[in-house]
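Please look through this model with attention to its empty spaces and to the packing of one pair of helices. The paragraphs below take the pockets, the cavities and the helix pair in turn.

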Amino acid sequence: MKRPTYVCGGGAVTPAGLNRRQTLAAIRAGISAFEEYLLEEPMGETQIVSRIPTHWSLRSTDWDWLVNMAARAITDALASEADPRSSVLMLALPEQFRNHAAFEERDPSGFLDAVARACGGPFHPASRAIDGGAAASIGVIGQMAEILAQPGVERVLLGGVDSLVNDRDIDRLAQAGRLKGSDNAQGLVPGEAAAFVCLQSRPEPKSPGLAAIHGAGFIPEADSVLTERFSQGKALLGSLRAALNGTGNGPREPDIVFVVSNGNGERYSGWEANIARSRFYRTRREILPIAYPAMTVGETGAAGGALALLVAADSFTAGYAPGPVAMCEVASEAGFRAAALVSQVRSG
């Protein structure tokens, strides 16, 4: 990246809050949005999940539910006076390998248009939906400077929408022994969310969530959690190094004070992150604080990348960051790894 791209606000709907402010306040406070979910099979069994409280009519179909979540978070991210036609929407969807129930009867190619209609108008023609999960939204950050330079583009709304609170995903994860429960302390809690960051080429000092992104990395991991091998952290390490190498005159490794991760509590993700971090963070530190939004909202799939950026930006503007520079580390289930180097924007 030749120059920083700026996070100037965003939007979210999660089990912890129906907008960005509520969600980030709950994460700051360490509130858990976990609850028991009654399974269809085996009948009467329950699973701990993180589910958005909502009226049943908004969940009439899985497709409608994803559209409603995405539209609410996008509306939250857009300023009231903003014209959607000058906003490029980059929307990460549930990873294709999962065969999400939302796309069982309807083609995902029509999802972007459905979201645009729910938001009340068309977005810029450069808008598109992308595959690759949480890491994909971080992986395209390097292209955002070029998009923001296009005529008629004022901002990019970058994020994703996903729900693992469905019987298909829960059964798949249960069969693999990956769910958190009484017999597995190192498992994930299925969650659901939509989260977006508003990216601009120039900072807005009065933004409710302001941060500078100096570099980003995006690399596929061959030994994903879907394989029989444990990851050695090679892709995450490469992504971290790529994020740092893209900074130009930006922060360096010794400047990084804390991490925001979409780690979900699985043994696999903890193993991978610890190996990669020990190889990347070479400067001696008394402590490296790490924020895990999943402790509040569970595993949010494709929404996890934007949520990590929202937490980092909020920590700077709300004054609870332990320092001025953070690294966002993001992993997708199918194997992509991404990292973004983020810093506080100094006034004046």
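How much space lies in the largest pocket? The model is a predicted one, and in it the largest pocket holds about 660 Å³ of space. Its lining is made up of 43 residues, and those that lie nearest the centre of the pocket are Asn 262, Gly 263, Asn 264, Gly 265 and Ser 269. Helix α8, which spans residues 267-280, supplies at least two residues of this lining, as do α9 and the strand β11, residues 325-331. The largest share comes from α8, which gives eight residues to the lining of the largest pocket. When the lining residues of this pocket are divided by class, 17 are nonpolar, 13 are polar and 13 are charged.

The second largest pocket has a volume of about 390 Å³, and it is lined by 19 residues, with Leu 39, Thr 46, Gln 47, Ala 174 and Leu 179 lying nearest its centre. At least two lining residues come from each of β3 (46-50) and α6 (167-175), and it is α6 that gives the most, with five residues. The lining of the second largest pocket has five nonpolar residues, together with seven polar and seven charged ones.

Turning from the open pockets to the enclosed spaces, one finds two cavities of 30 Å³ or more. The largest cavity has a volume of about 70 Å³, and its lining includes Ser 261 and Asn 262, then Pro 293 and Ala 294, and also Val 297, Gly 298, Glu 299 and Thr 300, with Gly 304, Leu 307 and Ala 308 among the other lining residues. The elements that give two or more residues to this lining are α9 (294-297) and α10 (304-318), and α10 gives the most, with three residues. By class, the residues around the largest cavity are five nonpolar, five polar and one charged. Asn 262 lines the largest cavity, and Asn 262 is also among the residues that lie nearest the centre of the largest pocket.

Helix α10 appears again at the second largest cavity, where α10, β1 (5-13) and α1 (20-29) each supply at least two residues of the lining. This second cavity contains about 40 Å³ of space, and its lining consists of Val 7, Gly 9, Gly 10, Arg 20, Leu 24, Pro 208, Gly 209, Leu 310, Ala 313 and Asp 314. Five residues of that lining are nonpolar, three are polar and two are charged.

The helix α8, already met as the source of eight residues in the lining of the largest pocket, also packs against α7. The axes of α7 (residues 234-245) and α8 come within 9 Å and cross at roughly 40 degrees. Because angles from 35 to under 65 degrees fall outside both the roughly parallel and the roughly perpendicular ranges, α7 is oblique to α8. The crossing in which α7 passes α8 is right-handed. On the α7 side the contact is formed by Leu 236, Leu 237, Leu 240, Arg 241 and Leu 244, which meet Ala 273, Ala 276, Arg 279 and Phe 280 of α8. By class, this contact has seven nonpolar residues and two charged ones, with no polar residue taking part.

How values were computed. Residues numbered from 1 in each chain as written. Predicted model: local features only at pLDDT ≥ 70, side-chain atom pairs only at ≥ 80, totals over all residues. Heavy atoms only, no water. 1 Å grid on protein atoms, 1.4 Å probe; cavity = no way out; pocket = protein on both sides within 12 Å on 5 of 7 lines; lining within 4 Å. Points joined across faces, edges and corners; volume = space filled by probe spheres on them. Helix = DSSP H or I, 4+ residues; strand = E, 2+ residues; numbered from the N terminus. Nonpolar A, V, L, I, M, F, W, Y, C, P; charged D, E, K, R; others polar. Axes fitted to C-alpha atoms, helices over the stretch in contact; angles between N-to-C directions. Parallel < 35°, antiparallel > 145°, perpendicular 65-115°, else oblique. Left-handed = near helix turned anticlockwise from the far one by under 90°. Contact = heavy atoms within 4.5 Å.
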